[in-house]
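The report that follows takes up strand pairing, pockets and a few individual residues in turn. The sequence and the structure are shown first.

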Amino acid sequence: MLNKLDATLQGVCPTVMVPRHEALMPLAESGHRFLAARDGLYAEVKRPWLRSTFRVAESAVPLPYGEVIPATHFSIDRRQLAESLDRFIEEARQAFPKEHAAWLSFMDGEGLRYEPVRVESSGGGHIRYRRPTVAGGRVLAIDIHSHGRHDAFWSVTDDRDDKDDAKLAIVFGNLDAPQPSVKARLLALGAAMDFSELVDSIWNTQTT
């Protein structure tokens with residue numbers, strides 16, 4: 001019999017054996033779980049704006065379970081995202097050469113909403129700000145900041161700050177150039193997955 005604390009932990013974050021002879025039912029509510037599959041351990045993460053399944057550990061031997069196909073789906077309107085990124089870049093250029101930041105929140109039925117932040121201090125190589133508070137069913141989804149005249153890249157500070165449970169992080173650089181550089185990554189349970197090409201494509205395609 002499980003200890004009460006372990007039983008609670010497994011209830012909140014279970015590990016599920018992937019069936020071999022039928023489909024695995026996806027998570028119905030926001031949360032996450034681990035999946036024991038034929039080739040290793042996977043994580044499945046669901047948020048109102050996100051569904052992602054990715055491998056976290058490879059098995060050295062075949063396991064007697066079914067297979068998992070890694071996939072990520074964003075429930076985000078591309079036009080809303082492109083318009084929000086345009087607004088951010090305009091503000092970041094006004095703040096140039098200092099760094100700038102903002103968040104996008106999400107709510108089913110309404111989609112994305114731009115969330116300004118309260119900047120406490122900023123310069124050409126740093127920014128400190130208070131994360132916005134959202135309510136009424138909205139959740140913070142996308143964290144955006146700029147690097148002023150520097151390239152878009154993930155700094156040590158970014159890596160330290162990007163320990164959130166699940167979010168899409170976007171950074172814009174070279175704000176003094178006609179075409180800023182951009183990097184984007186999905187952070188989930190400590191894993192980081194590159195989505196720079198997708199975000200760059202959405203922004204450039206929807207705004208031309």
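Two strands are taken to pair if DSSP finds at least two bridges between them. The model described here is predicted, and in it strand β8, which covers residues 118-122, runs antiparallel to β9 and is joined to β9 by four bridges. One of the pairs between these two strands is formed by Arg118, whose bridge partner in β9 is Arg130. The two strands make a hairpin, with four residues lying between β8 and β9.

**The five-stranded sheet**

Strands of a sheet pair through backbone hydrogen bonds, and the pairing may be either parallel or antiparallel. In this model five strands make up an open sheet with mixed pairing, in which the order is β1-β2-β3-β4-β5. The edges are taken by β1, at residues 15-17, and by β5, each of which pairs on one side only. From one strand to the next, the twist averages 25°.

Within this sheet, β2 and β3 run antiparallel and are joined by seven bridges, with β3 covering residues 40-47. His32 has Val45 of β3 as its bridge partner, and Val45 in turn has Ser52 of β4 as its bridge partner, so that this pair of statements traces a path across β3 by way of Val45. The antiparallel pairing of β3 with β4 extends over eight bridges, and a hairpin of two residues connects β3 to β4. Further along the order, β4 is joined to β5 by four bridges, again in the antiparallel sense, and here Arg51 has His73 of β5 as its bridge partner.

**The two pockets**

Rolling a probe the size of a water molecule over the atoms shows where empty space is left. The largest pocket holds about 490 Å³ of space, while the second largest pocket has a volume of about 300 Å³. The residue classes of the two linings are set out below.

| Pocket | Nonpolar | Polar | Charged |
|---|---|---|---|
| Largest pocket | seven residues | eight residues | nine residues |
| Second largest pocket | ten residues | four residues | five residues |

Which residues lie nearest the centre of the largest pocket? Among the 24 residues of its lining, these are Ile127, His145, Thr157, Asp158 and Asp161. Two or more residues of this lining come from each of β9 (127-130), β10 (139-146), α3 (156-161) and β11 (166-173). The largest share, four residues, is given by α3. Strand β9 therefore appears twice in this account, as the antiparallel partner of β8 and as a contributor to the lining of the largest pocket.

The second largest pocket is lined by 19 residues, and those closest to its centre are Leu24, Leu35, Thr53, Val68 and Ile69. At least two residues of this lining are supplied by each of β2 (31-37), β4 (50-58) and β5 (71-74), and these three strands also belong to the open five-stranded sheet described above.

**Residues in helices α2 and α4**

Gln80 is found in helix α2, which spans residues 78-95. Its relative accessibility is 24%, and because the partly exposed class lies between 20% and 50%, Gln80 counts as partly exposed. When neighbours within four places in sequence are left aside, Gln80 is in contact with Glu110, Gly111 and Leu112. The C-alpha atom of Gln80 is separated by 13 Å from that of Asp108, a residue 28 residues apart from Gln80 along the chain.

Helix α4, at residues 196-206, includes Ser196 and also Ile202. Is Ser196 buried or exposed? With a relative accessible area of 9%, Ser196 is buried, because this value falls under 20%. Not counting residues up to four places away in sequence, Ser196 touches Val182, Lys183 and Ala184.

Ile202 has a relative accessibility of 7%, which is likewise under 20%, and therefore counts as buried. Outside its neighbours within four places in sequence, Ile202 is in contact with Arg78, Leu81 and Ala82. Although Ile202 and Ala82 are 120 residues apart along the chain, their C-alpha atoms are separated by 6.3 Å.

Conventions: Residues numbered from 1 in each chain as written. Predicted model: local features only at pLDDT ≥ 70, side-chain atom pairs only at ≥ 80, totals over all residues. Heavy atoms only, no water. 1 Å grid on protein atoms, 1.4 Å probe; cavity = no way out; pocket = protein on both sides within 12 Å on 5 of 7 lines; lining within 4 Å. Points joined across faces, edges and corners; volume = space filled by probe spheres on them. Nonpolar A, V, L, I, M, F, W, Y, C, P; charged D, E, K, R; others polar. Axes fitted to C-alpha atoms, helices over the stretch in contact; angles between N-to-C directions. Buried < 20%, exposed > 50% of the residue type's maximum accessible area, 1.4 Å probe, protein only. Contact = heavy atoms within 4.5 Å.
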